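Here is a short briefing to read alongside the model. Take a moment with the structure first, and then we can walk through the topics together.

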Amino acid sequence: MSDLPRSPVTVLAVPAFKDNYLWLIHDGVDAAVVDPGDAAPILAALDRLNLNLTAILLTHHHADHTGGVPALLAHARVPVFGPRNDGIGAVTDKLGEGDTIVVPGIDLGLRVIDVPGHTLGHIAYFSDKLHWLFCGDTLFAGGCGRIFEGTPAQMAGSLGKLASLPNATLVYCAHEYTLSNLRFANAVEASSAALQARIVSDTAKREAGQSTVPSTIALEKATNPFLRATEPAIVASLVAAGKLQDGATPLASFTALREWKNSF
Ligand code: ZN
Ligand code: FE
């Protein structure tokens, strides 16, 4: 901790690769990075804002979320928080459901939520005080991650946990996939006024060169088909497209939605 004047903790989006967001949590002095797939843009942001790196937080093992870790550790020996069960060798502080951490140097407590599905060990970080959610590739704005390692039941359970967070929660997901997600949402629930309003608003943001992330849990519950798999209009779309039998279970409906999106 230095004695320099600190600002309220904020979150800065650092774009990387084609559509990743690396999240830099900082107070004007110290900074922690979530899912640094690439070190160069983080090192540039630290330099530009004159910030000390104090921690690395990881949600899952994929290279676009972890690839920058070695170069960041060469820059600063900081703790690496990450999932207990996702096979990431660099993790020094192994975390799972119910664990809480205080981000070193920064006045921010985070609670860990297990969200298996995209990978088996995937975790999310949630601030009960600020209502910030860092959910990696589990919940996306308007969509959800592909199920690479887990089962549809696991992914549905993980999304259900995130959907139960407060409505005002800011959803800091790891990719700008929103417009493509909303095109799929529009194919399965075109009748939704909330969805149509979101398409207009998020399209305008992208045309203005802005990010559509973070979104909120309230907006996701209102418009994200993967949180709405039992909505009658969505079930009807699945049945009409020949992807689902009438009277199928909620899990069958979620599974059919995820499979349809894979080839959409
Ligand atoms: Zn991933
Ligand atoms: Fe990713």
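Along the sequence, the donor residues of the iron ion (ligand 2) are spaced D-H-x71-D-x37-H. Please keep in mind that this is a predicted model. The points below take the iron site, then the zinc site, then the cysteines.

**The iron site**
- The iron ion (ligand 2) is held by D64 (OD), H65 (NE2), D137 (OD) and H175 (NE2), at 2.1 to 2.3 Å.
- Its geometry is irregular because the four donor atoms around the iron ion (ligand 2) subtend angles of 85 to 166°, whereas a tetrahedral site would need all angles between 85 and 135 degrees.
- D137 sits in the loop between strand 10 (132-136) and strand 11 (139-140), and H175 in the loop between strand 13 (170-173) and helix 5 (178-188), so this pair ties together parts that are 38 residues apart in sequence.
- D137 and H175 are both buried.

**The zinc site and the shared donor**
- For the zinc ion (ligand 1), the protein donors are H60 (NE2), H62 (ND1), H118 (NE2) and D137 (OD), at 2.2 to 2.3 Å.
- Those donors of the zinc ion (ligand 1) run along the chain with the spacing H-x1-H-x55-H-x18-D.
- The site of the zinc ion (ligand 1) is irregular, with angles of 84 to 170° among its four donor atoms.
- Distant parts of the chain are linked here too: H62 lies in the loop between strand 4 (52-57) and helix 2 (63-66), and H118 in the loop between strand 8 (109-114) and strand 9 (123-127), 56 residues apart.
- H62 counts as buried because its relative accessibility is 17%, and the cut-off for buried is under 20%.
- H118 is also buried, at 4% relative accessibility.
- Which residue bridges the zinc ion (ligand 1) and the iron ion (ligand 2)? D137 does, and the two ions lie 3.3 Å apart.

**The cysteines**
- How many disulfides does a search of the whole structure find? The search finds zero.
- C144 cannot pair with its closest cysteine sulfur, in C135, because the two sulfurs are 11 Å apart, too far for a bond.
- C144 counts as buried, at 5% relative accessibility.
- C173 is in no disulfide either, and the nearest cysteine sulfur, that of C135, is 5.6 Å away; a disulfide would need the sulfur atoms within 2.5 Å.
- C173 is buried as well, with a relative accessible area of 1%.

Notes
Residues are numbered from 1 along each chain as its sequence is written. Chains are lettered from A and ligands numbered from 1 in the order in which they are written. This is a predicted model: local features need pLDDT of at least 70, side-chain atom pairs count only at pLDDT 80 or more; totals for chains, interfaces and linings use all residues. Side-chain values use heavy atoms; hydrogens and water are left out. Buried means under 20% relative accessible area, exposed over 50%, partly exposed in between (1.4 Å probe, protein chains only). Donors are N, O and S atoms within 2.8 Å of the metal (3.2 Å for Na, K and Ca); water is not among the atoms, so sites may look incomplete. Four donors count as tetrahedral if all angles lie between 85 and 135 degrees; four count as square planar and six as octahedral if opposite donors are over 155 degrees apart and all others between 65 and 115; anything else is irregular. Helices (H or I, at least four residues) and strands (E, at least two) are DSSP runs, numbered from the N terminus.
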